Amino acid sequence: MCYAIPGKVTSISDKTVFVDYFGEEKKAYNDFYDLSPGDYVYAQGGYVVQKILPVDAEEILSVWKESFFSLQETDLAISRLALSGSKADAGCLRILDKVTESLRYTNEDLLYLLGLENEECLGLLRKSGNFLRQKYMKNSCCVHGIIEISNYCSRGCFYCGISSYNGAVPRYSMSNDEIFAAASEAVLKYGFRSLVLQSGEDAGLDFDGMAEVVRKIREELGALIFVSFGEIGVDGLKKLYDAGSRGLLMRFESSNPMLYRRVCPGHTLEGRLEHIKQAYSMGYLIITGALIGIPGQSPQDILNDIYLAKDLNAEMFSFGPFIPHSSTPLASYPPPKEEDILKVIALLRIVNPRDARILVTTAFETLSSEARRNGLLSGANSVMLNVTPLQYRKLYSIYPGRAHEDEPIEFQVGEVVALLKSLGRAPSDLGAGH
Ligand code: 5AD
């Protein structure tokens with residue numbers, strides 16, 4: 001984001017650089033630049049994504065210096081947790097005490113939390129998520145941009161509005177020039193340093209052309225690029241990695257293989273997981289997660305989704321609600337409640353307290369106007385803004401009434417920065433330190 005904090009390289013060991021941020025040292029991986037101690041860089045997701053001129057870095061740092069510590073104080077004050085003295089039931093308090101003190105907990109404990117209905121207990125669960133987020137990850141919040149480059153899809157997933165069977169949605173595919181122009185605007189005008197390029201699973205995707213765009217964005221703009229084009233296979237993944245993309249966004253949708261097969265006919269969970277694992281072993285950072293509220297999903301399925309995302313070495317967790325779309329076979333099923341998603345966010349944080357980036361998804365924001373704020377106060381620390389050109393955004397109709405569908409980027413940026421500031425969060429990414 002525009003307010004990302006430049007770090008100063010203090011030492012270098014092979015491809016690992018150590019970067020100082022106001023006295024705190026973080027590790028970042030350098031794949032792209034010729035660096036020496038004293039240089040200034042931006043890091044995203046643990047990668048150095050840009051080298052910055054010292055004069056520019058020092059100017060940005062002087063602006064940051066004023067707010068950096070006061071934001072941390074605001075966050076600390078908001079995220080305090082007091083379990084003792086609460087009127088919540090003893091069972092709930094005992095479990096929350098364990099999870100916030102890093103003591104061993106069981107699957108049954110988490111099932112208990114997932115089943116909570118009492119308002120007092122739910123409030124404490126959310127606060128516990130926020131407490132753990134602050135304790136281990138401080139106040140930085142990733143703000144990624146997503147460009148939806150095409151809505152062509154060859155799959156027939158039962159929940160998704162751009163599935164191949166939906167003849168009612170006009171199809172579009174952005175040209176490579178349009179993709180680069182959208183990326184340029186996001187990076188140069190609005191300061192994004194992480195971009196997701198997403199499409200349906202388009203059998204006609206031209207990998208060589210896409211690799212060229214990725215290379216151009218990487219070299220000319222300097223951003224961390226996540227690709228999200230569905231199951232593109234090892235060759236596709238490799239081509240895009242070689243071109244400079246370093247992240248994969250792919251949800252496994254459901255950890256329950258039967259449920260997966262039911263809603264994604266003709267496809268297997270096994271194949272999808274294999275794809276994610278191959279990307280990880282190639283060096284991709286992984287953003288993954290599941291759909292919450294798919295008809296037939298049990299509470300244990302949801303916990304298994306959380307465990308599976310962790311097992312897949314997720315760098316960022318993307319768990320969002322199922323939202324019914326009228327042109328799909330699941331049209332008549334209701335979405336989950338806001339509270340259900342907040343529980344999942346808090347549980348994700350409990351299971352991954354130390355290093356998880358947990359996203360407030362656009363689908364969740366579509367479900368509730370308070371989702372972003374409440375999600376960030378339940379353990380989440382990432383948001384993704386839609387930077388797809390406005391004329392295409394409405395056509396990427398995976399579910400109806402998507403939040404921010406009509407909002408210019410400038411408006412979205414202003415809104416998120418104001419919210420983060422009010423919560424004491426810094427729209428920055430200090431690096432994953434892997
Ligand atoms: N509701 C919520 N999320 C959906 N997605 C697709 N259709 C829907 C829907 N109806 C999500 C899927 C997919 C991501 C790009 O969008 O989880 O992985």
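User: Before we start, what counts as a cavity here?

Analyst: Picture a 1 Å grid laid over the protein atoms alone. This is a predicted model, and a set of grid points where a 1.4 Å probe fits but cannot get out is called a cavity.

User: Okay, so what takes up the largest cavity?

Analyst: A molecule sits in a cavity if more than half of its atoms lie within 2 Å of the cavity's grid points. Going by that, the space of the largest cavity is the one taken by the ligand.

User: Which class of residue has eight members in the shell around the ligand?

Analyst: The residues surrounding the ligand include Y159, C160, L291, P321, F322 and I323, and also Q198, R251 and E253. Sorted by class, one residue of the shell is polar and two are charged. The class with eight members is nonpolar.

User: How much of the ligand's accessible area does the protein cover, and which polar atoms lie close by?

Analyst: A polar backbone atom of Y159 is 2.8 Å from a nitrogen atom of the ligand, and a side-chain N or O atom of R251 is 2.8 Å from a ligand oxygen. For I398, a backbone N or O atom lies 3.5 Å from a ligand nitrogen. On its own the ligand has 400 Å² of accessible area, and the share covered by the protein is 88%.

User: Moving on to S128: is it buried or exposed?

Analyst: You'll find S128 in helix α4, residues 119–137. A polar atom of its side chain lies 2.7 Å from the backbone oxygen of L124. Buried means under 20% relative accessible area, and S128 has 0%, so S128 is buried.

User: How far is the C-alpha atom of V383 from that of H144?

Analyst: V383 belongs to strand β15, residues 382–386, and is buried with a relative accessible area of 0%. Along the chain, V383 and H144 are 239 residues apart. Their C-alpha atoms, though, are separated by 6.5 Å.

User: Why does a positive phi stand out, and what is the value for F22?

Analyst: Most residues other than glycine have a negative phi, so a positive one is worth a look. F22 sits in the loop between β2 (16–21) and β3 (24–29), and is partly exposed at 23% relative accessible area. F22 is not a glycine, yet its phi is positive, at about 45°.

User: And where does N313 lie?

Analyst: N313 is also a residue other than glycine with a positive phi, near 65°. Its relative accessible area is 38%, so N313 is partly exposed. Its place is the loop between α10 (299–311) and β12 (314–317).

Technical notes
Residues numbered from 1 in each chain as written. Predicted model: local features only at pLDDT ≥ 70, side-chain atom pairs only at ≥ 80, totals over all residues. Heavy atoms only, no water. Near = heavy atom within 4 Å. Polar contact = N/O pair within 3.5 Å; in protein donor to acceptor, adjacent residues only side chain to side chain. Areas by Shrake-Rupley, 256 points an atom, 1.4 Å probe, with all protein chains shown as cover. 1 Å grid on protein atoms, 1.4 Å probe; cavity = no way out; pocket = protein on both sides within 12 Å on 5 of 7 lines; lining within 4 Å. Nonpolar A, V, L, I, M, F, W, Y, C, P; charged D, E, K, R; others polar. Helix = DSSP H or I, 4+ residues; strand = E, 2+ residues; numbered from the N terminus. Buried < 20%, exposed > 50% of the residue type's maximum accessible area, 1.4 Å probe, protein only.
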